[in-house]
Every structure is written in structure tokens, then in C-alpha cells.
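Student: I should like a close examination of a single part of the structure shown below. Please start from one residue, follow its surroundings, and then relate them to the rest of the chain.

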Amino acid sequence: MSLQFLGSKRPDEIKAKRCISLFGAPYDGTSSYRPGSRFAPNAIRAASVGIETYSPYQDEDIESLCFVDDGDLELPFGNRDKVLDMIEKYVSSLLENDGIPLMIGGEHLVSYPAIKAVHSVCDELHILHLDAHADLRDEFLGERFSHATVIRRVCEIVGDKNVHQFGIRSGIKDEFAYARERLGDFHPFSLPNPKEIVEKFEGKDVYLTLDVDILSPSCLPGTGTPEPGGITFDQLLSFLIGLKGINFVGIDVVELLPHYDPSGVSSIAVAKIIRELLILACPSNMRSDRL
Ligand SMILES: [Mn+2]
């Protein structure tokens, strides 16, 4: 039996059509510094058995949620365009069944096709981008599609004003200027009060893209481009839990490199964040009484 995320069901075990689909997009082909995020999805699944299905933070058990672990996409590592196309088509197929995608990267470029697919079924889509890096370069090493340019490409899909960046502490001067002048929100270094975010996005469709390097490397050393400084695990967790009430139409969690943390704590930290995100994103009609 292959690895499965804690408390998840397999697609054939669930009657309801509409559910959260957790799946892995193990691609790290454009990683500019250290590759290895392709190993993240299964490392997170393996680490998830070390935590509980019950969240004392939100007083809810993920076993009561309608969510499936769809496994990993089988991606051709050497063919970036085909990888992006496969992810986009896969996310579109989930959306056709009214599902909510929860994608585990992989590097950050995997967010681009997922957001493209989600945007195509929304009138207006807002992106909450949590990261240490702005990822707003127009190109990197001559490439327009890279994990260092991904949010710039996302801006071209959803519009600059619908992109909202939080926790950013690294980038070139032009990226910071772009973010300050053009994005809907730019809140560098730390996270805002989540109440303000909930008020602002109430009733709107929101996609959350979480690069785990937003955390201080002292909490999460297992990442490709660690950036000293940053927030603590508790700060991230209380911000995310504070977003309760937002309509999440898609989520991704990217850039974990499990092998750079021999203690394994980075993978456990991400598994715990995903448990909380599942509860956060699960609408009331995807709870156990409707399974
Ligand atoms: Mn980053």
C-alpha cells in the first residue's frame, strides 16, 4: 500500500463527488539553488503519521472531513512545458467535479498552472501569497517560467491588484518596487492581522499559495532557498487559522526539501500546516455527515 496522508480517504472510498483533493506535484526542474522538492509530497505523507488527526487549535478532526489523497502526478521531469500542462489539466478535472485542489509541491512554479486552471472557472480570483521571496522577476537566467518568476506570471493571469503578498523579505530592488506600486497588498517581513484579511476578502474567491520558506529557517531548515529571518511556526499557524471564513477555491504548499533537514522536523511542520489548512478550507457541506 502506497503512502497516504493522515486521515485521508482514497478516491474509491468516498461517495460524495465534491471533496478536497490533496495531490502531489513533485517537480523541481527550475529550482535555482538547491533542488529536491520533488521528494516533498511523500515525505509529508510519511511525517503525517507522527501527528494527530485532531486539531486542538480548531477543535476539529480531519477524519470528519471529505478529503481524498489522490497520490502524485507522474510528471516528466525533463519537460517543463508538459509538466505545466499536466498540472493545469489535472486541476481543471478536479474543478469540473466541484473539488477543491490542495496541491503539495514541488517547487513554486507548479502554482502557475494550478492558478491558471482555477482562474478559468472564477469571475475574479484573489491570490494570497505567503513567501520569503517576492518571485516577481520578469525573467530569471533568461527564463520567463521559473520558480523565481512565478508570481509575476500569476499577476499576468489574475491582474496585479488581485495579488496580495505577505512576509516577503528577499528579492531584487525592482521586485520590491513592483510589489509596492502595483500589487493589491504588499506586507513585507511579517503577517498582518488576519481579521483584516477576512473582512477584505469576504465572499470572494481566494487561492492561497504558501511557500514554506516564509518560516524562519530555525523552524524550517528543509527548504531550497532558505532566507534567514522570518516568522515562527506559531505566527504562521495563528495567521492561517485566523483566515476562517474565507472561501478558498485552491491551495498549494510548496518548496519543502525534506532531505536538507535530517531531523525530519521540517516535514512534520508542513504536515501539521496541511492538517490545519484542510480544516480551514473545508466548507460545511464537505463534513462527515454528508460523506
Ligand atoms: Mn520562497
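**Histidine 133 and its surroundings**

Tutor: In this predicted model, histidine 133 is placed in the loop between β6 and α4. With a relative accessibility of 11%, histidine 133 counts as buried, because the limit for that label is under 20%.

The residue is best understood through the metal. The manganese ion is coordinated by Asp131 (OD), His133 (ND1) and Asp211 (OD), together with two entries for Asp213 (OD), at 2.2 to 2.7 Å. Read along the sequence, the donor residues follow the spacing D-x1-H-x77-D-x1-D. Histidine 133 belongs to the loop that joins β6 (125-130) to α4 (150-158), while aspartate 213 belongs to the loop that joins β9 (205-211) to α7 (233-241); the pair therefore ties together parts that are 80 residues apart in sequence. Both histidine 133 and aspartate 213 are buried.

Beyond the metal, the contacts of histidine 133 can be listed. Apart from neighbours within four places in sequence, histidine 133 is in contact with Ile168, Ser170, Asp213, Thr225 and Glu227. Asp213 thus appears both among these contacts and among the donors to manganese. For Thr225 there is a polar detail to add: the backbone oxygen of threonine 225 lies 3.3 Å from a polar atom of the side chain of histidine 133.

The loop that holds histidine 133 has a further point of interest. Aspartate 135 also lies in the loop between β6 and α4, and the phi of aspartate 135 is near 55 degrees, a positive value in a residue other than glycine. Most residues other than glycine have a negative phi, and most peptide bonds are trans. Aspartate 135 is buried, at a relative accessible area of 7%. A positive phi is also found at phenylalanine 189, where the value is near 75 degrees. Phenylalanine 189 lies in the loop between β8 (185-187) and α6 (194-201). With a relative accessible area of 51%, phenylalanine 189 is exposed, whereas aspartate 135 is buried. As for the peptide bonds, the one from glycine 105 to glycine 106 is cis, with omega near 15 degrees. Glycine 106 has its place in the loop between β5 (100-105) and α3 (111-119).

The loop of histidine 133 leads to α4, and that helix contains cysteine 155. Cysteine 155 is buried, with a relative accessible area of 4%. Its contacts, leaving aside neighbours within four places in sequence, are Leu136, Asp160, Val163, Tyr178 and Leu183. Alanine 177 is 22 residues from cysteine 155 in sequence, and their C-alpha atoms are 15 Å apart in space.

Cysteine pairing may be considered next. With a disulfide taken as two cysteine sulfur atoms within 2.5 Å, the count comes to zero disulfides. Cysteine 282 is in no disulfide, and its nearest cysteine sulfur, that of cysteine 66, is 7.0 Å away. Cysteine 282 is likewise buried, with a relative accessible area of 4%.

The nonpolar interior completes the setting. The largest nonpolar core has 55 residues, and those with the most contacts inside it are Phe5, Leu130, Leu236, Leu240, Ile274 and Leu277. Helix α8 gives the most to this core, namely ten residues. Another core lies apart from it, with 40 residues, among them Tyr27, Leu73, Met103 and Tyr207. Of the 17 residues of α8, 14 are buried, so α8 is largely enclosed by the rest of the structure. At 1.5 Å a residue, α8 (residues 265-281) should span 24 Å, and the distance between its end C-alpha atoms, 24 Å, agrees.

Phenylalanine 5 shows the packing around this core in detail. Not counting residues up to four places away in sequence, phenylalanine 5 touches several residues, including Leu22, Ile44, Ser48, Ala271, Ile274 and Leu278. Serine 48, from that list, lies in helix α1 (residues 40-48) and is buried, with a relative accessible area of 0%. Leaving aside neighbours within four places in sequence, serine 48 is in contact with Gln4, Phe5, Leu6 and Ala271. The side chain of serine 48 also reaches the backbone oxygen of arginine 45, at 2.7 Å.

Terms used. Residues numbered from 1 in each chain as written. Predicted model: local features only at pLDDT ≥ 70, side-chain atom pairs only at ≥ 80, totals over all residues. Heavy atoms only, no water. Donors = N, O, S within 2.8 Å, 3.2 Å for Na, K, Ca; no water. Helix = DSSP H or I, 4+ residues; strand = E, 2+ residues; numbered from the N terminus. Buried < 20%, exposed > 50% of the residue type's maximum accessible area, 1.4 Å probe, protein only. Contact = heavy atoms within 4.5 Å. Polar contact = N/O pair within 3.5 Å; in protein donor to acceptor, adjacent residues only side chain to side chain. Expected span 1.5 Å × (residues − 1). Core = buried A, V, L, I, M, F, W, Y, C linked by side-chain atoms within 4.5 Å.
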